[in-house]
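User: Please take a close look at a single part of this structure, one residue and the strands around it. I would value one connected account of the surroundings.

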Amino acid sequence: MKEVTYSKKNNEIECVHYQSSKKEFGPHTHANHLMVGYVESGRVCISIDGDSDIYEQGDEFKIEPNVIHEIKTVENDANSMMVLCIETEIEVDDEYLK
């Protein structure tokens, strides 16, 4: 079983599934997509724009585009979660502006 699997549904939505993962991500941003996640099991500490919370099984979270966030394990415990990354940048052509 892979710890992290990625599947792209189309050009606008990507699904990332963390399974029994201890993967951590330091502070970073995503310029053009919204992240919506659900913790399936375990606990994970997520800092969003400087505010840290511990998310447990059944909790949901949302991270807006261009917001600094960080993901850490809690007490080195594994967690499983599903995250949807949804493209937010909209191309606007001249016809749209009329």
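Analyst: A strand here is a DSSP run of E with at least two residues, and strands are numbered from the N terminus. The model is a predicted one. The residue chosen for the close look is His17, which lies in strand β2.

Strand β2 covers residues 13–21 and is joined by five bridges to strand β1, residues 4–8. The two strands run antiparallel, and together they form a hairpin with four residues between them. Within this pairing, Tyr6 stands opposite Val16 in β2. Tyr6 can also be placed relative to His17: the two are eleven residues apart in sequence, and their C-alpha atoms are 6.5 Å apart in space.

Strand β2 also pairs with strand β9, residues 79–87, through seven bridges, and these two strands run antiparallel. One pair in this ladder is Glu14 with its bridge partner Cys85 in β9.

Is His17 buried or exposed? His17 has a relative accessible area of 16%. Buried means under 20%, so His17 counts as buried.

Which residues surround His17, once its neighbours within four places in sequence are left aside? His17 is in contact with Glu3, Val4, Thr5, Glu40, Met81 and Met82. Of these contacts, the one with Glu40 includes a polar contact of 2.7 Å between the side chains of His17 and Glu40. As a general point, side chains in a regular strand alternate between the two faces of the sheet.

For context, the model also contains an open sheet of four strands, in the order β3-β8-β5-β6, with antiparallel pairing. The edge strands are β3 (25–28) and β6 (51–56), each of which pairs on one side only. From one strand to the next, the twist averages 20°.

Inside that sheet, strand β5 (residues 43–48) is joined to strand β8 (residues 69–73) by five bridges, and the two run antiparallel. Here the bridge partner of Ile48 is His69 in β8. Strand β5 also pairs with β6 in the antiparallel sense over six bridges, and in this pairing Arg43 has Glu56 in β6 as its bridge partner. The hairpin of β5 and β6 has two residues between the strands, and Asp49 in this hairpin takes a positive phi near 55°.

To return to the chosen residue, His17 is a buried residue of strand β2, with a side-chain polar contact to Glu40.

Methods:
Residues numbered from 1 in each chain as written. Predicted model: local features only at pLDDT ≥ 70, side-chain atom pairs only at ≥ 80, totals over all residues. Heavy atoms only, no water. Pairing = 2+ DSSP bridges. Axes fitted to C-alpha atoms, helices over the stretch in contact; angles between N-to-C directions. Buried < 20%, exposed > 50% of the residue type's maximum accessible area, 1.4 Å probe, protein only. Contact = heavy atoms within 4.5 Å. Polar contact = N/O pair within 3.5 Å; in protein donor to acceptor, adjacent residues only side chain to side chain.
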